[in-house]
Amino acid sequence: MEAFWQPMNRSQLPHEALHQYLSRYHGHEIRSDASMPDTPALIVCNHGFGGVVDLNVFALMHTFHRLDVTRPVTYLVHQLAWTLRAGRLIEAFGGRPASEEVARDALIAGHYVVVFPGGDVDAAKSWRHRHVVRFSGRSGFAKVAMAHNVPIVPVVTAGAGESLLVLSDGRRLARLLRLPRLARTKTLPMSLACPWGLNIGVAGVLPYAPLPTKLVTAVLPEMWPNDGEEPAAFASRVEYAMQERLDGLVARRIPVIG
């Protein structure tokens with residue numbers, strides 16, 4: 001196998017600027033329930049809101065920095081990023097088109113592999129469902145972890161869904177426009193965001209000014225499949241653990257303020 005593509009070195013990333021932004025503007029807190037494994041692992045995360053990127057991605061990068069993670073990290077990203085010609089920028093920060101092959105090569109190369117299994121359905125949730133982890137029955141990530149005998153490390157972030165007001169995920173409109181077939185996306189969210197005001201779809205693609213919502217990230221203990229457990233059951237167990245932890249993070253939360 002050829003040498004696997006390597007992301008930009010940690011020292012080259014604008015960690016200080018990211019730290020200042022997340023710490024000062026979003027009051028980002030990190031709660032580590034367990035240490036990160038010293039082996040390759042699949043890092044499974046929930047979306048906040050976003051198209052190409054969202055605040056949960058930045059929060060995860062900041063979390064790795066604060067936890068002094070030195071292992072290379074590969075982020076599995078929706079093909080939409082390359083369709084929108086943002087692929088080169090995504091690749092500079094460790095992003096690769098999401099596929100089982102990319103995940104396999106990264107794990108073999110010793111990387112942490114980050115996946116957001118919910119995709120656009122999880123990323124475009126309405127305000128009412130902003131604290132819901134929504135994987136929609138997807139279990140491919142569990143299959144990959146089991147096939148390569150690596151642990152799953154669940155990570156949840158609360159608050160990003162309050163960076164704007166999402167009125168609807170627009171799934172019905174997306175179906176009418178045949179976006180699931182044409183763009184591999186099931187949503188076209190309707191939202192209120194600064195400076196765009198009321199818009200359909202573009203807030204997750206174009207930069208918008210997020211509200212100063214407080215972000216809290218929790219790193220859960222690593223998880224392994226039980227003996228004889230099917231990937232779908234393992235995936236459901238991971239999703240349940242993430243939802244339970246997220247529920248705890250938002251139990252007494254005041255919107256935006258935290």
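Student: Is Ile 200 buried, exposed or partly exposed?

Tutor: The model is predicted, and the class is read from a computed area. Ile 200 has a relative accessible area of 43%. Buried means under 20% and exposed means over 50%. Because 43% falls in between, Ile 200 is partly exposed.

Student: Which strand holds Ile 200?

Tutor: The strands are numbered from the N terminus. Residues 197–200 make up β9. Ile 200 is found in strand β9.

Student: What is the area of the nonpolar surface patch that includes Ile 200?

Tutor: Ile 200 shares this patch with other residues, among them Leu 165, Leu 173, Met 190 and Leu 198. Two or more residues each come from β7, α8, β8 and β9. The area of the patch is about 790 Å².

Student: Which residue does Pro 195 join through a cis peptide bond?

Tutor: Pro 195 sits in the loop between β8 and β9. Most peptide bonds are trans. Here omega is about 5 degrees, and the bond is cis. The residue joined to Pro 195 is Cys 194.

Student: How many helices and strands does the protein have?

Tutor: The protein has 258 residues, of which 49% count as buried. Among contacts between residues at least 6 apart in sequence, 76% join residues at least 24 apart. The secondary structure comes to ten helices and ten strands.

Student: How much of the area that the protein exposes is supplied by carbon and sulfur atoms?

Tutor: The protein exposes about 12700 Å². The share of this area that comes from carbon and sulfur atoms is 56%.

Student: How many residues of α2 are buried?

Tutor: Helix α2 runs over residues 55–66 and has twelve residues. From its first C-alpha to its last it reaches 16 Å, close to the 16 Å expected. The buried residues include Leu 55, Val 57, Met 61 and Phe 64. Of the twelve residues, the number buried is nine.

Student: Which residue has a side-chain oxygen that reaches the backbone nitrogen of Asn 56?

Tutor: Asn 56 is one of the buried residues of α2. At the start of this helix, a side-chain oxygen comes to within 2.8 Å of the backbone nitrogen of Asn 56. That oxygen belongs to Asp 54.

Student: What is the phi of Asp 68?

Tutor: Asp 68 lies in the loop between α2 and β3, and is exposed at a relative accessible area of 54%. Most residues other than glycine have a negative phi. Asp 68 is not a glycine, yet its phi is positive, at about 60 degrees.

Student: Where is Val 256, whose phi is positive?

Tutor: Phi of Val 256 is near 70 degrees, and Val 256 is not a glycine. Its relative accessible area is 21%, so Val 256 is partly exposed. Its place is in the segment after α10.

Student: Which residue forms a salt bridge with Asp 33?

Tutor: Side chains of opposite charge can pair when their charged atoms come close. For the bridge of Asp 33, the closest N and O atoms are 2.8 Å apart. The pair links the loop between β1 and β2 to helix α10, 212 residues apart. The partner of Asp 33 is Arg 245.

Student: Is Glu 229, which meets Arg 237 in a salt bridge, buried or exposed?

Tutor: The side chains of Glu 229 and Arg 237 meet at 2.7 Å, N to O. Arg 237 is partly exposed, at 27%. Because the relative accessible area of Glu 229 is 15%, and under 20% counts as buried, Glu 229 is buried.

Student: Which residue is joined with Glu 29 and Arg 31 into one network of salt bridges?

Tutor: A search of the whole structure finds eight salt bridges. In one of them, the side chains of Glu 29 and Arg 31 meet at 3.2 Å. Salt bridges that share partners join these two residues with Lys 214.

Student: Which side chain makes a polar contact with the side chain of Arg 130?

Tutor: Arg 130 lies in the loop between α6 and α7, and is buried at 18%. Leaving aside residues up to four places away in sequence, Arg 130 touches Lys 125, Gly 161, Glu 162 and Pro 255. The polar contact, at 2.9 Å, is with the side chain of Glu 162.

Methods: Residues are numbered from 1 along each chain as its sequence is written. This is a predicted model: local features need pLDDT of at least 70, side-chain atom pairs count only at pLDDT 80 or more; totals for chains, interfaces and linings use all residues. Side-chain values use heavy atoms; hydrogens and water are left out. Helices (H or I, at least four residues) and strands (E, at least two) are DSSP runs, numbered from the N terminus. Buried means under 20% relative accessible area, exposed over 50%, partly exposed in between (1.4 Å probe, protein chains only). A polar contact is a pair of N or O atoms within 3.5 Å; within protein, one must be able to donate a hydrogen and the other to accept it, and residues adjacent in sequence count only if both atoms are side-chain atoms. Contact means heavy atoms within 4.5 Å. The expected span of a helix is 1.5 Å times one less than its number of residues. Patches are made of residues with over 30% relative accessible area and no salt bridge: like charges are joined within 9 Å, nonpolar side chains (Val, Leu, Ile, Met, Phe, Trp, Tyr) within 5 Å. Accessible areas come from the Shrake-Rupley method with a 1.4 Å probe; for residues, only the protein chains shown count as cover. A salt bridge is a side-chain nitrogen of Lys or Arg within 4 Å of a carboxyl oxygen of Asp or Glu.
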